[in-house]
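Subject: Handover of a structure and findings

Dear colleague,

Please find below the structure that I am handing over to you. My findings follow directly after it.

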Amino acid sequence: MSANKPINNRRYAVGLMSGTSVDGIDAAAIEIIDGAAGERPETRLLAFENKSYPEAVREEIFSLFDPKMATVDRVGRMNVLLGELYAKAALSVIAKADLVPEDIAVIGSHGQTIYHSPEAHPWEDLDLRYTVQIGEGSVIAARTGIPCVSDFRPADMAVGGQGAPLVPFTEYLLYRERDRTLLLQNIGGIGNITVLPANGSPDEVYAFDTGPGNMLIDGAVARLYPGRTMDSGGEIAREGNVHSGLLERLQQEEYYKLPLPKSTGRELFGSSYVDGLLRYGQEHRLSSNDLIATVTKLTAWSIGEGYRRYIRDRSPADTMIVGGGGSYNPVLMTYIVQEFEPMGVKVLTQEDVGLNSDAKEAIAFALLADYALTGRPNNLPNVTGARRPTVLGKISY
């Protein structure tokens, strides 16, 4: 037993995140220190690890993105298998933090999204919204001996929300400032942005998915460059040129014009979208480098367009802080700077402000789980469109 025992206002938690890029499992062990009444909590990252999925598991997850392939037996098996892998990741990061399971108050696991349908589907007098994340929380709790909070999205959707994005709740807790309006942009498989107005209340925070983050880049790279899964360091895009015709075509996607709140995912920007990109490239004889450069530019443009369309007139910002895997792509970051500098917005990364881009979302789910375990609402209705605050997450012991 470690000497570091949780006390009333100081405790340890673990967050687990696996995003739409299916890179692997991000695991963060954190310390949470409650602030005084009305003050923000403090968090301290104790340890972080990324556990890559075995290639066979990654391939199986991708197959489940196709509803025709996601049969109940395959989904059920992968739900349990991922629970086992998440439990191992949790135990590993706990050990890396020089703690033992008995020190940890809670684990928060986002799970792996295989389907997300936030729009209302009418059935008789009902509007049905549904989402599927796998990675069984009961398995995580059983293997670690630690309460696990999982399956966060359905509770928000049950009260009329989109079930996403969820991280803005923790961004408000941890990042808000009295004198500056901040933009927090995450670039995982999907891009999402949170607006924190200067000295704003929770009801003034808003957020939405900007569109594809790394998803189209990764999807095109995987198809055009066998054996590669991403444009590491922007090496491919750097050798290409943006094709204006393809870029203009992609900018017509209706998602970019939808009203808030809104969220998206692989259902729109997945493999069939990549099929269309490749067909266009073949028909117009684009080089592979040019195609990758163009979709990289599209991601940057979609972030800038989100600011111009929904944010600039309402909450002109001082600074944007970029996190997620996309922040490590210098070509993408250059394109983002080109979008925002003319609008007077300074662009920084999580590392520029002394934080960790990779760990950010895993930290968020540790904090969301901490709220759920004590029965405190942990959604932002203004962000998701929910009718009221509610407690997100299902608790397994």
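Helices in this message are DSSP runs of H or I with at least four residues, numbered from the N terminus. The model is a predicted one.

Domains

The protein chain is divided into domain 1 (10–170 + 357–396) and domain 2 (177–353). Taken over C-alpha atoms, the centres of domain 1 and domain 2 are 23 Å apart. Domain 1 brings 24 residues to the contact, and domain 2 brings 31 residues.

Nonpolar cores

The largest nonpolar core is made up of 50 residues. Those with the most contacts inside this core are Leu183, Ile292, Ile311, Met320, Ile336 and Phe340. Helix α11, which spans residues 288–311, makes the greatest contribution to the core, with 11 residues. A second core, separate from the largest one, has 35 residues, among them Ile30, Ile32, Phe48 and Ala372.

Ile292 deserves a separate entry. Not counting residues up to four places away in sequence, Ile292 touches Ile217, Ala220, Val221, Leu224 and Tyr225, together with Asp231, Ile236 and Ala237. As general background, nonpolar side chains tend to be buried together in soluble globular proteins.

The second largest pocket

The second largest pocket holds about 550 Å³ of space. Its lining consists of 25 residues, and Phe62, Phe65, Arg266, Gly270 and Ser271 are the closest to the pocket's centre. Which domains contribute to this lining? At least three residues of the lining come from each of domain 1 and domain 2.

Several elements supply at least two residues each to the lining of this pocket: α1 (55–64), β4 (104–123), α6 (215–224), α9 (266–269) and α10 (271–283). Of the elements, α6 gives the most, with 5 residues. Sorted by class, the lining of the second largest pocket has 9 nonpolar, 9 polar and 7 charged residues.

Helix α5 and the largest cavity

Helix α5 covers residues 168–175, and 7 of its 8 residues are buried. The buried residues of α5 are Pro168, Phe169, Thr170, Glu171, Tyr172, Leu173 and Tyr175. Among the elements that cover them are the strands β7 (182–187), β8 (190–196) and β9 (206–212), as well as the helices α13 (360–373) and α14.

A search of the whole structure finds 1 cavity of 30 Å³ or more. The largest cavity contains about 40 Å³ of space. Its lining is formed by Pro165, Leu166, Pro168, Phe169, Asn378, Asn379, Leu380, Val383, Thr384 and Leu392. Helices α5 and α14 each supply at least two residues of this lining. By class, the lining of the largest cavity has 7 nonpolar residues, 3 polar residues and no charged residues.

Thr390

Thr390 lies in the loop between α14 (381–384) and β12 (394–396). Is Thr390 buried or exposed? Thr390 has a relative accessible area of 14%, and it therefore counts as buried, a term that applies under 20%. Leaving aside neighbours within four places in sequence, Thr390 is in contact with Ala155, Asp156, Val159, Pro377, Asn378 and Asn379. Asn378 and Asn379 also appear in the lining of the largest cavity.

Yours sincerely

Terms used. Residues are numbered from 1 along each chain as its sequence is written. This is a predicted model: local features need pLDDT of at least 70, side-chain atom pairs count only at pLDDT 80 or more; totals for chains, interfaces and linings use all residues. Side-chain values use heavy atoms; hydrogens and water are left out. A nonpolar core is a set of buried Ala, Val, Leu, Ile, Met, Phe, Trp, Tyr and Cys residues joined through side-chain atoms within 4.5 Å. Buried means under 20% relative accessible area, exposed over 50%, partly exposed in between (1.4 Å probe, protein chains only). Contact means heavy atoms within 4.5 Å. On a 1 Å grid over the protein atoms alone, a cavity is a set of points where a 1.4 Å probe fits but cannot get out, and a pocket is an open set with protein on both sides within 12 Å along at least five of seven lines; lining residues have an atom within 4 Å of a point. Grid points are joined across faces, edges and corners, and a volume is the space filled by probe spheres set on the points. Ala, Val, Leu, Ile, Met, Phe, Trp, Tyr, Cys and Pro count as nonpolar, Asp, Glu, Lys and Arg as charged, and the others, Gly among them, as polar. Domain bounds come from an automatic or database domain assignment.
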